[in-house]
Amino acid sequence: MNLARFPRVRLAHLPTPLEPMPRLTKALNGPELWIKRDDCTGLSTGGNKTRKLEYLMAEAMEQGADIVLTQGATQSNHARQTAAAAAKLGLDCHILLEDRTGYNHENYKFNGNVLLDVLHGASIEHRGPGLDMNAEMEAVAETMRGEGRNAYAIPGGGSNATGALGYVNCAFEMLAQFNDMGLLVDHIVHATGSAGTQAGLITGLKAMNADIPLLGIGVRAPKDKQEANVFALAEKTAEKLGCPGVVKREDVVANTDYVGEGYGLPAPSTLEAIDIFARTEGILLDPVYSAKGAAGLIDLIRKGHFRKDERVVFLHTGGAIGLTGYTHVFDVKDRA
């Protein structure tokens, strides 16, 4: 299987660091914890979408696009990284932002990722909740094409078979790091949402015959729907790579017990995860994805899901810039 045959534009700082978390390990009195720092991919404060955009933006440029479109929630990490990639490559960028939380706080609407969207030069449209956002985006793209633009539409999260190649590559990268560092890894845990990260990882791991269980901690959809979405995309990714059937349904595992009240709405466990990572390891998590993934990891450790003699790698998907859009959920004024 040769990833080099797919168009790719280099946007990320790779390989991202793989680091031990000794103080968090001690604080939780659980398995040996490591972290894969995909918050350090380098493009506009980093994050996991940059890996996907290396393949998506290359495809856009190969097709002669002069503008890229994408969609996401108001504080979308993916939208911010897409805007940055477009700026770097000299393409226009148009973003549709969906109100998924109902938050009307000034910082949520205009700070964090939204501020960076604007700084990178993207134009923005807003949509209310509950719409088919990919369909909304395609309608806007069609209008642009009718006006003579060569518009390339990127699905939410960059999650299609092209984008998932970025996390096939990440799986290869991690396995090389494990080998170089002499690490025997028992589990990989990460936040899972639009499915591309988990689909790419499980496809890459299985293609390399790596017998390491992968657990996605869901941030939005119910368990059955999340696993079905990931498996469907993993099948498409494997077909694209020329290894159909390499991923079995039982390989795709998601735990959606830590979503809380909904997407983008931090639960108490989300805020605790942000606090404990910051205080023990100096690592910032975001309140939408990585902190919910970490909340699941922390709770599962406390429940004995992982043995103390095991080694667990947490994949940090980035997005800490979003913290500045969520100042209303922290009691900073009482603590500063």
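Q: What makes up the lining of the largest cavity: how many nonpolar, polar and charged residues?
A: In this predicted model, the lining splits into 3 nonpolar, 10 polar and 3 charged residues. Glycine goes in the polar group here, so keep that in mind when you look at the 10.

Q: Which residues of that lining are the closest to the centre of the cavity?
A: The cavity holds about 110 Å³ of space. Of its 16 lining residues, Asn48, Lys49, Ala191, Thr197 and Tyr289 sit closest to the centre. As for where the lining comes from, α2 (49-62), β7 (187-192) and α8 (196-207) each give at least two residues, and α8 has the largest share with 3.

Q: Why is Ser76 called buried?
A: Buried means under 20% relative accessible area. Ser76 comes in at 6%, so it counts as buried. You'll find Ser76 in the loop between β3 (67-73) and α3 (77-89), and an unreviewed UniProt entry annotates it as "active site".

Q: What makes β3 and β4 count as a pair?
A: Two strands pair if there are at least two bridges between them. β3 and β4 (residues 92-98) are joined by 7 bridges and run parallel, so they pass. Along the way, Gly72 stands opposite Leu97 in β4.

Q: Why are β5 and β6 called edge strands?
A: Picture the open sheet of 4 strands, in the order β5-β4-β3-β6 with parallel pairing. β5 (123-127) and β6 (151-153) each pair on one side only, and that makes them the edge strands. From one strand to the next, the twist averages 25°.

Notes. Residues numbered from 1 in each chain as written. Predicted model: local features only at pLDDT ≥ 70, side-chain atom pairs only at ≥ 80, totals over all residues. Heavy atoms only, no water. UniProt positions renumbered as here; feature names shortened; annotations may be inferred. Buried < 20%, exposed > 50% of the residue type's maximum accessible area, 1.4 Å probe, protein only. 1 Å grid on protein atoms, 1.4 Å probe; cavity = no way out; pocket = protein on both sides within 12 Å on 5 of 7 lines; lining within 4 Å. Points joined across faces, edges and corners; volume = space filled by probe spheres on them. Axes fitted to C-alpha atoms, helices over the stretch in contact; angles between N-to-C directions.
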